[in-house]
Amino acid sequence: MSNLIAEALSMGWMALAILVGLLVYFQVSISDPAAKKRAVFKTFIGIVATFLLFVAIANYANNFYGENRLLPVSLVMITVTTFMMALYFTNLSALLKIGGMMFFVAAFLSGYGNWLPQVEGGFPPVEEKKTWDSMTPQQLADEGEKIIFGGVGKNKEQGAIGKGQCPLCHAFHAGMLGERAPNLAGLPGRGNERLGDPKYSKGNPSKREYEVKEAFPGSGTAENAQEYIAESHACPSCYVVSGYGVKGTNDKQSPMPAIHKPPISLSLPELAAVDTWMYLREGIDAPSFEEIVKSYEKFIPEADRPKQADEKPAGATSLMADGSEPVDQIFAKGQCISCHTIPGIPGAVGTIGPKLEEGTTAAQRIKDPTYKGTAKSPTEYIMESIVDPSAFVVKPFPDNTMPKVFGQKLSAGALKKIVDYLSQVKTGAPPPKI
């Protein structure tokens with residue numbers, strides 16, 4: 001407050017000095033006691049009003065660009081000053097009252113505007129292009145964690161999923177089991193063990209009994225642990241860990257999509273970042289960025305590599321699908337096709353979860369004596385099964401197989417398209433059009 005008074009005095013000292021001079025002049029020059037009293041009183045009121053005016057101006061100037069929302073106080077002070085002067089300067093009373101009312105309205109509108117939530121304007125932050133090859137291993141690992149989980153430090157958060165969508169199927173911590181895919185804790189150290197498995201057929205892909213022999217003709221097999229990780233990402237069905245194949249294929253086919261292809265489409269630098277995180281989180285020095293990229297180039301032909309220019313920053317959106325996509329793409333982006341058979345949806349031949357013929361089965365499940373959910377109609381049941389899959393678990397499938405994150409990872413529009421489509425899928429009937 002003292003600073004405000006000092007600033008007001010520095011701004012208005014000349015006007016105040018003139019008024020004080022007038023006060024002395026009236027005191028000396030007017031002989032009539034009654035007239036002298038009136039003149040001195042009005043001059044004193046003028047001094048007080050002038051001082052308040054300059055305090056208000058100083059307050060306004062100090063807080064115009066601030067965030068403490070005191071601008072209306074200045075206008076209120078000016079309003080009080082004008083009405084006070086109107087009481088004693090009757091010849092200017094009407095003009096002062098009109099001015100005071102204007103300041104009062106301005107104070108009210110300004111106060112209301114400052115009460116509303118404030119949004120800082122300005123230009124959006126400049127997007128910096130990532131220079132992957134110049135990052136330190138830790139910087140690469142941080143980018144990898146963002147790609148896997150959506151942010152640095154989120155690897156222990158339940159339901160954290162990034163662009164790579166890996167946690168939809170994989171566990172990452174020792175002791176955790178997954179129904180859909182192996183636990184990736186300790187993966188860098190297990191790579192050489194996998195290469196030694198006779199079923200892997202290191203150096204001789206033609207002897208493999210899996211659905212796919214090579215990532216592409218002539219690519220061969222991995223020769224070291226890093227190449228094994230790269231091949232696993234680029235060609236999941238070249239080698240399937242026992243117990244994690246598509247049911248009914250005798251572990252000859254993997255439910256995992258190639259993550260350099262749509263809908264995930266990780267670029268080689270992004271894949272290198274993911275692998276770097278996998279090493280560093282184990283306390284193991286990672287191969288260089290160039291070595292990791294080279295391992296992927298062995299199994300991904302140049303024509304199939306996502307273009308760097310098409311990339312979006314990792315974590316740019318937390319949604320798997322925003323609802324603008326056709327329903328078959330929404331199923332693919334959510335990885336529904338890896339676990340479910342969905343009539344009419346290309347590639348949806350998964351057997352980890354029940355076949356989705358909800359136009360027939362949803363009503364039956366609501367009537368099931370063991371059903372404890374809240375749905376009253378098939379569409380409500382389908383939505384409940386997506387956002388709260390443990391509300392009713394179809395036998396013989398185990399609980400907690402389906403992730404519980406789709407309510408946050410799919411937009412309302414995407415969920416509606418899924419519900420609308422599945423509610424039309426009926427047993428024995430042709431599937432609806434996409």
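**Disulfide, helix packing, salt bridges and backbone features**

The link of Cys235 and Cys238 is right-handed, with 80° about the S-S bond. The model is predicted. In this disulfide, the sulfur atoms of Cys235 and Cys238 are 2.1 Å apart, and the structure holds one such link. A disulfide is a covalent bond between the sulfur atoms of two cysteines. Both partners are shielded from solvent: Cys235 is buried, at 7% relative accessible area, and Cys238 is buried as well, at 1%.

A further pair of cysteines was examined. The closest cysteine sulfur to that of Cys169 belongs to Cys339, at 5.1 Å, which is too far for a bond. The cut-off for a disulfide is 2.5 Å between the sulfur atoms. Cys339 is accordingly in no disulfide, the nearest cysteine sulfur being that of Cys169. Cys339 is itself buried, with a relative accessibility of 12%.

Helix packing was examined for α8 and α9. Helix α8 spans residues 268-280 and helix α9 residues 289-299; their axes lie 9 Å apart and the helices pack at an angle of about 120°. The crossing of α8 and α9 is right-handed. On the α8 side, the contact is made by Leu268, Pro269, Leu271, Ala272, Asp275 and Thr276. The α9 side contributes Phe289, Ile292, Val293, Tyr296 and Glu297. By residue class, the contact of α8 with α9 comprises eight nonpolar, one polar and two charged residues.

Packing was also examined for helix α13, which covers residues 378-387. Its buried residues are Tyr381, Ile382, Glu384 and Ile386. The buried residues of α13 pack against α12 (358-366), α14 (406-409) and α15. Helix α15 comprises residues 412-422.

Helix α15 also holds a salt bridge, between the side chains of Lys416 and Asp420, with an N to O distance of 2.8 Å. Lys416 and Asp420 are four residues apart in α15, a spacing of about one turn of the helix. Lys416 is exposed, with a relative accessible area of 51%, whereas Asp420 is partly exposed, at 34%. The cut-off for the exposed class is over 50%, so Lys416, at 51%, falls in that class.

Across the whole structure, the search finds nine salt bridges. Among them is the pair of Lys333 and Glu325, whose side chains meet with an N to O distance of 3.1 Å. Lys333 is partly exposed, at 21% relative accessibility, while Glu325 is buried, at 7%. The boundary between buried and partly exposed is 20%, so Lys333, at 21%, is not counted as buried. Another of the salt bridges joins Glu357 to Lys355, with the closest N and O atoms 3.4 Å apart. In this pair Glu357 is buried, at 12% relative accessibility, and Lys355 is partly exposed, at 43%.

Val48 belongs to helix α2, which runs over residues 33-63. At 28% relative accessibility, Val48 is partly exposed. The C-alpha atom of Val48 is separated by 9.0 Å from that of Leu16, a residue 32 positions apart from Val48 along the chain.

Three backbone features were noted in loops. Most residues other than glycine have a negative phi, and most peptide bonds are trans. The peptide bond from Lys395 to Pro396 is cis, with omega near 5°. Pro396 is located in the loop between α13 and α14. Gln165 has a positive phi, near 60°, although the residue is not glycine. Gln165 occupies a place in the loop between α5 (137-149) and α6 (187-196), and the residue is buried, at 9% relative accessibility. Ser265, also a residue other than glycine, has a positive phi near 55°. Ser265 is found in the loop between α7 (225-234) and α8. The relative accessible area of Ser265 is 22%, and the residue is therefore counted as partly exposed.

Conventions:
Residues are numbered from 1 along each chain as its sequence is written. This is a predicted model: local features need pLDDT of at least 70, side-chain atom pairs count only at pLDDT 80 or more; totals for chains, interfaces and linings use all residues. Side-chain values use heavy atoms; hydrogens and water are left out. Buried means under 20% relative accessible area, exposed over 50%, partly exposed in between (1.4 Å probe, protein chains only). Axes are lines fitted to C-alpha atoms, for helices over the stretch in contact, and angles run from 0 to 180 degrees between N-to-C directions. Helices (H or I, at least four residues) and strands (E, at least two) are DSSP runs, numbered from the N terminus. A crossing is left-handed if the near helix is turned anticlockwise from the far one by less than a right angle, and right-handed if clockwise. Contact means heavy atoms within 4.5 Å. Ala, Val, Leu, Ile, Met, Phe, Trp, Tyr, Cys and Pro count as nonpolar, Asp, Glu, Lys and Arg as charged, and the others, Gly among them, as polar. A salt bridge is a side-chain nitrogen of Lys or Arg within 4 Å of a carboxyl oxygen of Asp or Glu.
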